[in-house]
Amino acid sequence: MVRVIKMPKFLKRNFLRNIFNKLIGKDKKLKIGLYGHPNSGKTTLANTMTNDWLGKPIGLISEIPHETRRVYRQERVKIEYDDIELDFDIVDTPGIATKIDYKNFLEFGLSEQEAKERAKEATKGIIEAIKWLDDVTGVLLVVDATQDPLTQANITIMGNLEARKIPFVIVANKIDLPEASAERITSVFPQHTVVPISALHGENTGDLYQAMVDKFN
Amino acid sequence: MDSSDTNALKMDFVSSEALKESSSMEKISMIVDKVKEGDLLVIEGGLTPTEEAELIETTMREIDIENFVGIDIYTLEKDKSSFFGLSKKKAIGITIIGPANVMKTVKKRENFLSMIANLGDSGASMH
């Protein structure tokens, strides 16, 4: 005799939802990468986010370009916006550039040896950041709103995200500075979501969290 | 001619036809080899996003701090019609790649690119 054990309704519902999520790939861990140029404010933004939602910073920031020279990861950040929860890992990557001249670091008071060391580490960091494009499932492209946004690094990052169908939000950072222009970024990338913020002062971060929930959830 | 030994700038113009049969790796090796010699490359068309990322990666591996500090890339885009002219997309018309320490000032506007090449103590301008 075969005994049929009936699965309770709520378990059945969870079971079906899990299968559905697996089918549409929604059970995959959300890994949001922070990409952009050196000194665009990626780590400042990562710190603002982890301070807001976990109460601690993720990494060191400085005026000298290429301060972040390896990928930092903060697991399990949970933000809640509009009654929607977004659970993800933050992947803070080194700034992507096509050139690194150690002489530029000398202007910031580093010794020649320190500058050369920083340049060497920065090249490795850029390679690591590019490799992470294979692993992230969403991206915040951080753009310094005081600079020309139409650079090869930004174009390459966006082209790769589009080709890999990775959703992204363009963060127009440093809007607290008088020379910043978020409109310039919107005008050159009209087809993408652009959110103007000041990561340093936490200005407009609510809009960013809202955009993240809309785009990545 | 090895342009790194002189105050001259060697420019290579490469047609899209010439690169049609090349693999991504061949294209990238050719670009990096030429730029490391101090040459400026003008390529008809552009690289794919994956090739651009690979080019940056390869450049980073080749940077030797003292002699080669990386590359600069600029593109000029053109309108590309599709679906019988119903939708317009941008396509890369020309790509200019050169050594970062040579390509000094670049001004870019729609349909116009201006560059000052820095050759040691002398300078050369091209538009």
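These are my notebook entries on a predicted model with two chains, A and B.

**Entry 1: overall confidence**

I started with the scores for the whole complex. The predictor gives an ipTM of 0.82 and a pTM of 0.84. Then I checked chain B, where the average pLDDT is 84 and 81% of the residues score at least 70. I also looked for a weak stretch in chain B and found residues 121-127, where pLDDT stays under 50. The model has 11 contacts beyond four places in sequence for that stretch. Note to self: where pLDDT is low, the predicted coordinates should not be read in detail.

**Entry 2: the make-up of chain A**

Next I listed the elements of chain A and got 7 helices and 6 strands. Read from the N terminus, they run α-β-α-β-β-α-α-β-α-β-α-β-α. I looked up burial too: 39% of the 217 residues in chain A are buried. For contacts between residues at least 6 apart in sequence, 69% join residues at least 24 apart in chain A.

**Entry 3: strand β5 of chain A**

I wanted to know how many residues of β5(A) are buried. For this strand, residues 168-173, the count is 6 of the 6, so it is largely enclosed by the rest of the structure. I then checked the two faces one by one. A:Phe168, A:Ile170 and A:Ala172 are buried on one side, and A:Val169, A:Val171 and A:Asn173 are buried on the other.

Which strands pair with β5(A)? One is β4(A), residues 138-144, which pairs with β5(A) in the parallel sense over 6 bridges. Within that pairing, I found A:Val142 opposite A:Val171. To get from β4(A) to β5(A), the chain passes through helix α5, residues 152-163, in a right-handed β-α-β crossover.

Another partner is β6(A), residues 194-196, which runs parallel to β5(A) and is joined to it by 3 bridges. Here A:Val171 turns up again, this time with A:Val195 as its bridge partner in β6(A). I traced this link as well: β5(A), helix α6 (residues 182-188) and β6(A) make a right-handed β-α-β unit.

**Entry 4: a closer look at A:Val169**

I picked one residue of β5(A), A:Val169, and asked why it counts as buried. I counted 20 other C-beta atoms within 10 Å of A:Val169, and a residue is called buried at 20 or more. So A:Val169 makes the cut-off.

Leaving out residues up to four places away in sequence, A:Val169 touches A:Leu140, A:Thr193, A:Val195, A:Ala211, A:Met212 and A:Lys215. I also took one C-alpha to C-alpha distance: A:Leu34 is 135 residues from A:Val169 in sequence, and the two are 10.0 Å apart in space.

**Entry 5: two helices of chain A**

I tried the length check on α2(A), residues 42-53. With 12 residues at 1.5 Å a residue, α2(A) should span 16 Å, and its end C-alpha atoms are 17 Å apart, which agrees. Its buried residues include A:Lys42, A:Leu45 and A:Met49. What covers the buried residues of α2(A)? The list includes β1, β2, β3, β4, β5 and α7 of chain A. Just past the end of α2(A), I noted A:Gly55 with a positive phi of about 80 degrees.

I repeated the check on α5(A), the helix of the first crossover. α5(A) has 12 residues and reaches 16 Å from first C-alpha to last, close to the 16 Å expected. Among its buried residues are A:Ala153, A:Ile157 and A:Leu161. Just after α5(A), A:Lys165 has a positive phi of about 55 degrees.

**Entry 6: chain B and where the chains meet**

For chain B I found 3 helices and 7 strands, in the order β-α-α-β-α-β-β-β-β-β from the N terminus. Buried residues come to 24% of the 127 residues in chain B. Of the chain B contacts between residues at least 6 apart in sequence, 57% join residues at least 24 apart.

Last, I looked at the contact between the chains, which takes 17 residues from chain B and 20 residues from chain A. On the chain B side, α3 (49-62) and β3 (71-82) are the elements that give two or more residues. α3(B) gives the most, with 8 residues. I sorted that side by class and got 10 nonpolar, 3 polar and 4 charged residues.

Methods: Residues numbered from 1 in each chain as written. Chains lettered and ligands numbered in written order. Predicted model: local features only at pLDDT ≥ 70, side-chain atom pairs only at ≥ 80, totals over all residues. Buried ≥ 20, exposed ≤ 12 C-beta atoms within 10 Å, placed from the backbone. Helix = DSSP H or I, 4+ residues; strand = E, 2+ residues; numbered from the N terminus. Pairing = 2+ DSSP bridges. Right-handed = clockwise from strand over helix to strand, strands pointing away. Expected span 1.5 Å × (residues − 1). Contact = placed C-beta atoms within 7 Å. Nonpolar A, V, L, I, M, F, W, Y, C, P; charged D, E, K, R; others polar. pLDDT = per-residue confidence, 0-100.
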